[in-house]
Amino acid sequence: MRKVKCDFCDEKFNISENSILERKISEEKAIIEKYFTCPKCGHHYYVSITDPEMREAIFKRIMIQQKIKSTQIGARNEKGLKDLMKEDEKLKKYLLQREKELKPMIGEI
């Protein structure tokens with residue numbers, strides 16, 4: 001749980017995983033926005049926007065990060081660890097770029 005303050009009405013409130021809502025921006029492209037709203041004034045706060053390819057990349061990053069942790073704990077395989085870290089960085093850059101491309105769609109609805 002995290003305490004936040006609305007930029008518009010100064011209401012202080014808590015947000016948690018349960019506070020984050022989802023809505024489909026595009027049925028056809030399965031684009032989903034995650035957001036929360038101020039309980040007092042209803043101001044909309046953007047959290048993230050994803051499409052199917054991004055959700056797949058996020059899942060891949062989670063798997064890679066788990067492998068990185070287990071590699072660091074287990075045997076010393078420096079090349080394997082470096083390869084995993086490069087792949088993780090590549091996915092991170094892709095996700096940031098794709099989010100920039102999708103974010104303008106939020107204002108279109």
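**A walk around the sheet**

Let's start with two neighbours: strand E3 and strand E4 (residues 31-37) run antiparallel and are joined by five bridges. Two strands count as paired when DSSP finds at least two bridges between them. The names come from DSSP runs numbered from the N terminus, with helices being H or I runs of at least four residues and strands being E runs of at least two. Keep in mind that this is a predicted model, where local features need pLDDT of at least 70 and side-chain atom pairs count only at pLDDT 80 or more, while totals for chains, interfaces and linings use all residues. Residues are numbered from 1 along each chain as its sequence is written, and side-chain values use heavy atoms, leaving out hydrogens and water.

Back to E3 and E4. Glu22 sits opposite Lys34 in E4, and Lys24 faces Ile32 in E4. The two strands make a hairpin with four residues between them. In that turn you'll find Ala30, with a positive phi of about 55°, even though Ala30 is a residue other than glycine.

On to the next pair: E4 and E5 are joined by six bridges and also run antiparallel. Here Thr37 has His44 in E5 as its bridge partner. This hairpin has six residues between its strands, and Gly42 in the turn has a positive phi of about 80°.

Put these together and you get an open sheet of three strands in the order E3-E4-E5, paired antiparallel. Strand E3 (21-26) and strand E5 (44-50) each have a single partner strand, so they stand at the edges with one side lacking a neighbour in the sheet. On average, neighbouring strands here are turned by 30° against each other, direction ignored. Helix H2 (residues 78-102) packs on this sheet and touches E4 and E5, its direction making about 120° with that of E5. Contact means heavy atoms within 4.5 Å; axes are lines fitted to C-alpha atoms, for helices over the stretch in contact, with angles running from 0 to 180 degrees between N-to-C directions.

Now for the rings. A search of the whole structure turns up two aromatic pairs. Rings of Phe, Tyr and Trp (its six-membered ring) pair if their centres lie within 6.5 Å, and planes under 30 degrees apart count as stacked, over 60 as edge-to-face and the rest as tilted. Phe13 and Phe36 have ring centres 6.2 Å apart and planes at 65°, so this pair is edge-to-face. Because Phe13 lies in strand E2 (residues 12-15) and Phe36 in strand E4, the pair ties together parts that are 23 residues apart in sequence.

One last stop, before E2: Asp10 lies in the loop between strand E1 (2-5) and E2. Asp10 has a positive phi of about 65° although it is not a glycine.
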